[in-house]
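Work through the exercises below with the sequence and the model in view. Each task is followed by a solution in steps.

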Amino acid sequence: GTHLFSALLHGATLCPFSVRSQGAERLAAWLRESRVTIYHSVPTIFRQLAAVPSAKDAFETVRLIRLGGEPLLRGDWEMFRQLCPAQCRLMNSFSSTETGLVTAMALDKNSPPADSRVPVGLPVRGVEVLLLDEHNHPAEPGVEGRIAVQRASAPGLLAATRFDRGNISSRPSRFQTPPFRHRRPRQTAPR
């Protein structure tokens, strides 16, 4: 989706690879041969790749590893630290097809995560993340709620997406949200 067009519109070369049909061992060799600089996958594929004996060589040209789509664990950061060159960064992110990139956190080899799970970071510029209660008002700290993502799509326009029990709606009229502001959310979903 958006990653594909963003890469191409910024002059990058997009290098898709089918791990399912070719396997992690071939991926390691292909990364090295293709001199890939930005690697993007889910953490499970990264773990499979890290288990390959030649994994360290696979990352010699990589400057950014972006992982998302499932929880990123402290052990994944440890593998990143062992396998990647000093200048490489590890990015954990939360995104969806409907909203694009929502949150991101970048780590280097000297910034260990505080917990066993790596946080997905803070909202990116132009995005506000709210936790709403059953009345679609901001939830109190520590209370479970629905995640609402609000993005400034164009000057004076709002686009919002609601994640509610697996159902996704991109119709802002279905819930009330405060006017768009650039601020960090005050509430977080409980673990």
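**Exercise 1. Decide whether cysteine 88 is buried or exposed, and whether its sulfur takes part in a disulfide.**

Step 1. Cysteine 88 has a relative accessibility of 0%. Buried means under 20% relative accessible area, exposed means over 50%, and partly exposed lies in between, with a 1.4 Å probe and protein chains only. Cysteine 88 therefore counts as buried.

Step 2. A disulfide is a covalent bond between the sulfur atoms of two cysteines. Here it is assigned to a pair of cysteine sulfur atoms within 2.5 Å.

Step 3. The closest cysteine sulfur to that of cysteine 88 belongs to cysteine 84, at 4.2 Å, which is too far for a bond. Cysteine 84 is buried too, at 2% relative accessibility.

Step 4. The count of disulfides in the structure is zero.

**Exercise 2. State how far the model can be trusted, and where confidence is lowest and highest.**

Step 1. This is a predicted model, in which local features need pLDDT of at least 70 and side-chain atom pairs count only at pLDDT 80 or more, while totals for chains, interfaces and linings use all residues. Residues are numbered from 1 along each chain as its sequence is written, and side-chain values use heavy atoms, with hydrogens and water left out.

Step 2. The average pLDDT (the predictor's confidence in each residue, from 0 to 100) is 80 for the protein, and 78% of the residues score at least 70.

Step 3. Helices (H or I, at least four residues) and strands (E, at least two) are DSSP runs numbered from the N terminus. The lowest confidence is in strand S8, residues 157-164, with a mean of 43, and the highest is in helix H3, residues 43-50, at 96.

Step 4. Over residues 154-191 pLDDT stays under 50. Where pLDDT is low, the predicted coordinates should not be read in detail.

**Exercise 3. Give the number of helices and strands, and their order along the sequence.**

Step 1. The protein has five helices and nine strands.

Step 2. Their order along the sequence is α-α-β-α-α-β-α-β-β-β-β-β-β-β.

**Exercise 4. Find which residues tryptophan 30 touches beyond four places in sequence.**

Step 1. Tryptophan 30 sits in helix H2 and is buried, at 17% relative accessibility.

Step 2. Contact means heavy atoms within 4.5 Å. Not counting residues up to four places away, tryptophan 30 touches Cys15, Pro16, Phe17 and Val36.

Step 3. From tryptophan 30 to cysteine 15 the C-alpha distance is 9.9 Å, and the two are 15 residues apart in sequence.

**Exercise 5. Compare the settings of aspartate 76 and alanine 51.**

Step 1. Aspartate 76 belongs to helix H5, residues 74-83. At 2% relative accessibility, aspartate 76 is buried.

Step 2. Leaving aside neighbours within four places in sequence, the contacts of aspartate 76 are Pro43, Phe46, Arg47 and Pro71.

Step 3. Alanine 51 is in the loop between H3 and helix H4 (55-58). With 65% relative accessibility, alanine 51 is exposed.

Step 4. Alanine 51 and alanine 24 are 27 residues apart along the chain, and their C-alpha atoms are separated by 8.6 Å.

**Exercise 6. Place leucine 14 in the chain and state its exposure.**

Step 1. The loop between helix H1 (2-9) and helix H2 (19-34) holds leucine 14.

Step 2. Leucine 14 has a relative accessible area of 37%, so it is partly exposed.
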